[in-house]
Amino acid sequence: MSTSAHDRTPQQRWVRGGTWLAVAVVLLIVPTQFPQFRVEQFCSWMALAVAACGLNLLTGYNGQISVGHGALYGVGAYTTAILITKAGWPILPSAVAAAVVCFVVGVVIGLPALRIKGLYLALVTLAVATLFPLVIEQFPGLTGGGNGLAITSPRLYRGVVRDKPIVFESPTSALAGDQWKYYLFLAATVLCFLLTRNLVHSRMGRSLVAIRDNETAAEVSGVPVATVKILTFGISSALAGVGGAIFALNNARVNPSSFTIVVSIYLLVAVVTGGAASIVGPALGAVLFGVFTDVVSPSLPARLQPATPVILGVLLIVLMLTAPGGLVGIAQTFRSRLAARRLRSAGDGAAGAAPAA
Amino acid sequence: MNNFLQVLVVGIGDGAVYAMLGLGLVVIYRSTGLLNFAQGELAMFSTFITWTIWEVGVPLPLAVLGGMVGGFLVGALIHQVAVRPLGDPHLRPLATVIVTIGLFLGVNGAAQLIWGTLDKDFPKLFGESQVTVGGVAVAWQKIGAVLVLALMVLVFWFLFQRTKVGLAMRAVASNSESAALVGVPVPRLLMLGWGLAAAVGTVAGVFTAPNLGLGSNLMQLTLIFGFAAITLGGFDSPLGAVVGGMVVGILTSVLPQYLPIFEKMRLAPAFILILAVLLFRPQGLFGRKQVERV
């Protein structure tokens, strides 16, 4: 799909490096340019992006369709919330624990997925996603039930130690709390995407794609299909868990209504609109989705708010039927057309020059 | 014992509704080979159409017929616009899932746009009254659901076994390529299948709405029950949808009586059923075994 590092011309390398530099600069200055509520919205986009990155690994690269990643996102969020609030864990270890717990849950789901494939796996995961909020409401002692759970930690407040909602206290006075939070989440997000990128470019990444394209052929070529598929489910779920942890920490609160089937669908929306089986695709998709829900939709009159899912639904169908590669796919087609035209005009020039020689 | 009979009756009534939704899912699976994740949303949408017709003063049974016609048109349109261009669902499972998920989002949002976000009260087709048989109270609405299901099965049987259109639809389901070669207008019949499925879904919605209130999330749980029904019965078996619907209805009604953990999680037995059947007997009770060619 994308050109590998070796066959890029120096010019392409410059363009690429420049683009990434620009992206990095934008990502770094964004929290200084927007009010707190926007910065917190950006944080929630990152949560979605990380979870979508995980779903993409499973569905885009490995071809196992999950309509239930919202549930794993929820498991990550609730693990973080419960460890901090009920067990008194610090923030970072609880986020790591969320990833570990989700990895294990993912492996457990991955086992039956060895037998249940394609549309039927989609059905089972859809049922998981629908069931998840109901399970959460079943255990109010641990999860806060239908009322949700505020993520609190005991802190000294006016001379008394009380349970207060967690805040991210910036180590320097140069950064406000929300900005500090943004940079922490950004670091986690970038780390997750880099790890995913390296995984995809590794031997295991090639196995993933081989299994997606033809499982039997992969098996015959010596790919340990079962191990790779189960591991992929685990890693993908761990990423969804990290996304969920970011979501929970950002809101300092978890609610069962935040993890309905709709979240699973939105994750798929992010993957598909951005570009399945590409690294940056899910991030682009998450940003596109965030712009829709947090910027476009609130600017509509209340009566027209539900237009957002309609537009997203139509966009999803149109993209799938006309450009299954999503935004990244469209960009690639555009670029290769441009290159072809340049090649053709260069060819014409050579042909024109030939008789004169 | 009486208590058991009571929940059994409730379960059969619920099961009839799951079977109706399941029948729609089976019709689509048989003809186009896809699991329609938007089936519940289509049913919700045409239930809203029914509500609108009823609200202007039309008697409810007529309004239901109107809703079925509306559902039929919406279903047929959706097939033409969104599903037909997809090609074989089993060759492109991701695209298929995404398109039906897109429909799910789109139809759900459209219903909220048109009818607002507040739940509407929906009347019971067979009224509020009940009869007592041997100490067990049976709501007419439950009896009605079973009767309507029976009527529906009869109509389907007649359509598929006794009419030319039905024969052609069966031909498409069994081998669409050969059917096309002998002159069967395949796309038109697939469109008909989608329309029929949506029309049947309307009735399932009409029976669900009085209990839950008519809102855009009306069928999201019922859909899973419907899928559990056809997973158990076999994805391509109408008989399976009916039997499966009944089993799921009875299980989800009776189990919570003895295992209180399921009281607020009636979905859990349905989920376990889906998982177990797909793992150990993917073709269900009455389905045809799928053979995969390498």
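**Exercise 1. Work out the fold of chain B: how many helices and strands does it have, and in what order do they run?**

Start with the count: chain B has eleven helices and two strands. Both kinds of element are DSSP runs, numbered from the N terminus: helices are H or I with at least four residues, strands are E with at least two. Next, walk along the chain from the N terminus, and you read α-α-α-α-β-β-α-α-α-α-α-α-α. Now check the compactness: the radius of gyration of chain B is 19 Å, close to the 19 Å from the globule rule for 294 residues, so chain B is as compact as a globular protein of that length. (The radius is taken over C-alpha atoms, and the rule is 2.2 Å times the number of residues to the power 0.38.) Along the principal axes, the C-alpha trace of chain B spans about 60 × 50 × 35 Å.

Before going on, a word on what you're looking at. This is a predicted model, where local features need pLDDT of at least 70, side-chain atom pairs count only at pLDDT 80 or more, and totals for chains, interfaces and linings use all residues. Residues are numbered from 1 along each chain as its sequence is written, while chains are lettered from A and ligands numbered from 1 in the order in which they are written.

**Exercise 2. Describe how S1(B) and S2(B) pair.**

First, locate them: strand S1 covers residues 130-133 of chain B and strand S2 covers 136-139. They pair in the antiparallel sense over four bridges; pairing takes at least two DSSP bridges between the strands. Pick one position, and Val133(B) sits opposite Val136(B) in S2(B). Finally, look at the turn: S1(B) and S2(B) make a hairpin with two residues between them, and Gly134(B) there has a positive phi of about 55°.

**Exercise 3. Do the job again for S2(A) and S3(A): which way do they run, and how many bridges join them?**

S2(A) (residues 152-157) and S3(A) run antiparallel, with six bridges joining them. Within the pairing, Pro154(A) has Asp163(A) of S3(A) as its bridge partner. The hairpin has two residues between the strands, and Arg158(A) takes a positive phi near 50°. Then check the cover: S3(A), residues 160-165, is hardly covered, with zero buried residues among its six. Here buried means 20 or more other C-beta atoms within 10 Å of a residue's own, exposed means 12 or fewer, and partly exposed is in between, with C-beta atoms placed from the backbone.

**Exercise 4. Find what chain A brings to the contact with chain B: which element gives the most residues?**

Begin with the totals: 38 residues come from chain A and 39 from chain B. Contact means C-beta atoms, placed from the backbone, within 7 Å. On the chain A side, the elements giving two or more residues are helices H5 (118-138), H11 (261-274) and H13 (307-322). H5(A) gives the most, with 14 residues. By type, that side divides into 29 nonpolar, seven polar and two charged residues. (Nonpolar is Ala, Val, Leu, Ile, Met, Phe, Trp, Tyr, Cys and Pro; charged is Asp, Glu, Lys and Arg; the others, Gly among them, are polar.)

**Exercise 5. Judge the confidence in chain A: where is the pLDDT below 50?**

Take the average first: chain A has a pLDDT (the predictor's confidence in each residue, from 0 to 100) of 89, and 95% of its residues score at least 70. The stretch below 50 is residues 352-357 of chain A, which has zero contacts in the model beyond near neighbours in sequence.

Key. Two residues are in contact if their C-beta atoms, placed from the backbone, lie within 7 Å.
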